[in-house]
Amino acid sequence: MIQAVLRGVVAVHRRLLPNRPEIGWTPYLWLFYLSFYLGRWAFQPPTERELIWTWPALVAFFVLYFNGFWQTGRRLMLNMAGIVVIGVLLTTLNPGALTFFIYASGFAGYLGTTRRGWWSIGAIVAAAVATTVAFGMSWFWLALTSVLVVMIGSVNVYYAEVGRKNAALQRSQEEVERLASVAERERIARDLHDLLGHTLTVITVKAELARKLSERGDPRASTEIADVERISRDALGQVRSAVAGFADVGLAGELKRARLVCEAKGITLDAELPELDLDPRGETALAMVLREALTNVVRHSRASRCSVRLSRLTSAVVLTVEDDGRGARAGGTAGGHGLESMRQRLAGLGGRLEVEGRLGGDGGFRVTASVPMGAPSAPAVVGGVAGSALPEPA
């Protein structure tokens, strides 16, 4: 029985008031101010005329009062105006009816803007003054009503403004989280492309070479297959690192992988990687550029020779990858997704990427990437595959 009654009370409550945490059950507590009007009856019994007007007015007040919590902005002004009118009409019968002006001021914070709230408080006080003067009411009731109107209205305007700012802050935080999530997805997409694009190329070249060797009965086919297995395992580890956000690729490791694929493709690789003062992010970015550039060389260029050069110019570290293949038209790499991904990665570090190639010519293709870094240490030249190292830059 008790549970049924409680469920009924909750059901009525949900119909009377919106489900807003900042409101809760407090509107029922504010009905206490009706004692200013009804309390007079304890000392002076109401007249028949007062009773006739009071009960319909209270019904109208409850409708406007509870409906007001569902309204905002200009629509709420109509509820407030209706409550003020009830107060004006009943004041001729009972000076305690000035309490309805207090109820109207309680909605000042829900008008949408702070300015509207303050204007409504001023209008309610002006209406109370006009009513007092027009009907010759006690100035004590006017003073008490005005103080409560300003106090309650101001508090509600203040907390409503705080609520709007908190809501805006919450939306801003949600937008930041959304953008961070988008950026993380883009990072993972770039890393997977940069990592797997090259690695799958190496696996494809190695598998193709192993097939050809196997068809000729060459025992080196087993060696190539073993390389495919090892590279696949390395790729799996790189994918896990990229997804976890720890894609830390070194230039030396990338160059080692590049030799394998260039050797399988019959491309002579000349390389020079002096030991420079590179931070991990800068080295990772340049290593990704090296991987993408060499992937394009192997896939598209039909080059016979490729050079890799790392040097320091003023305050930047510059990586140059150049081949003697067919140029930009062969693979369309000048504006491909991979190099565009590299541009974004370098731009995030304050670096840049330049791509050069004579369309349709035999001048080859050059990719130049730079990142701002510290001073170099002693150089260490790494020899190339079937070739010599490039000279030290001036």
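Visitor: What makes up the open sheet here, and in which order?

Guide: Five strands do, lined up as β1-β2-β3-β5-β4, and their pairing is mixed. Strands are DSSP runs of E with at least two residues, helices are runs of H or I with at least four, and both are numbered from the N terminus. One caution: this is a predicted model, where local features need pLDDT of at least 70 and side-chain atom pairs count only at pLDDT 80 or more, while totals for chains, interfaces and linings use all residues. Residues are numbered from 1 along each chain as its sequence is written, and side-chain values use heavy atoms, with hydrogens and water left out.

Visitor: What makes β1 and β4 edge strands?

Guide: Each has a single partner strand, so one side of β1 (268–272) and one side of β4 (352–357) is left without a neighbour in the sheet. From one strand to the next, the twist averages 10 degrees; angles run from 0 to 180 degrees between N-to-C directions, with axes fitted to C-alpha atoms, for helices over the stretch in contact.

Visitor: How do you know that β4 and β5 pair?

Guide: Pairing takes at least two bridges found by DSSP. Six bridges join β4 to β5 (365–372), so by that rule they pair. The two run antiparallel, and E356 sits opposite R366 in β5.

Visitor: Which way do β1 and β2 run, and how many bridges do they share?

Guide: Those two are parallel, with five bridges, and D270 faces S307 in β2. Between β2 and β3 there are eight bridges, in the antiparallel sense, with V308 opposite V321 in β3. β2 and β3 also form a hairpin with two residues between them, and T314 in the turn has a positive phi of about 55 degrees.

Visitor: What makes you say that helix α11 packs on the sheet, and which strands does it touch?

Guide: Helix α11 (280–301) touches β2, β3 (316–323), β4 and β5, where contact means heavy atoms within 4.5 Å. Its direction makes about 10 degrees with that of β3.

Visitor: Why is T99 called buried?

Guide: Buried means under 20% relative accessible area, exposed means over 50%, and partly exposed is in between (1.4 Å probe, protein chains only). T99 has 2%, so it counts as buried. T99 lies in helix α6 and, leaving aside neighbours within four places in sequence, is in contact with Y33, L34, F36 and Y37.

Visitor: What lines the second largest cavity?

Guide: T99 is one of the lining residues, which also include F36, W141 and L148. On a 1 Å grid over the protein atoms alone, a cavity is a set of points where a 1.4 Å probe fits but cannot get out, a pocket is an open set with protein on both sides within 12 Å along at least five of seven lines, and lining residues have an atom within 4 Å of a point. The second largest cavity holds about 40 Å³ of space, and α8 gives the largest share of its lining, four residues.

Visitor: How many residues of each class line the largest pocket?

Guide: There are 15 nonpolar, seven polar and three charged residues. Ala, Val, Leu, Ile, Met, Phe, Trp, Tyr, Cys and Pro count as nonpolar, Asp, Glu, Lys and Arg as charged, and the others, Gly among them, as polar. About 680 Å³ of space lies in that pocket, a volume being the space filled by probe spheres set on grid points joined across faces, edges and corners. Of its 25 lining residues, E22, W30, G106, Y110 and N156 are the closest to its centre. Helix α8 (139–215) gives the most to this lining, with eight residues.
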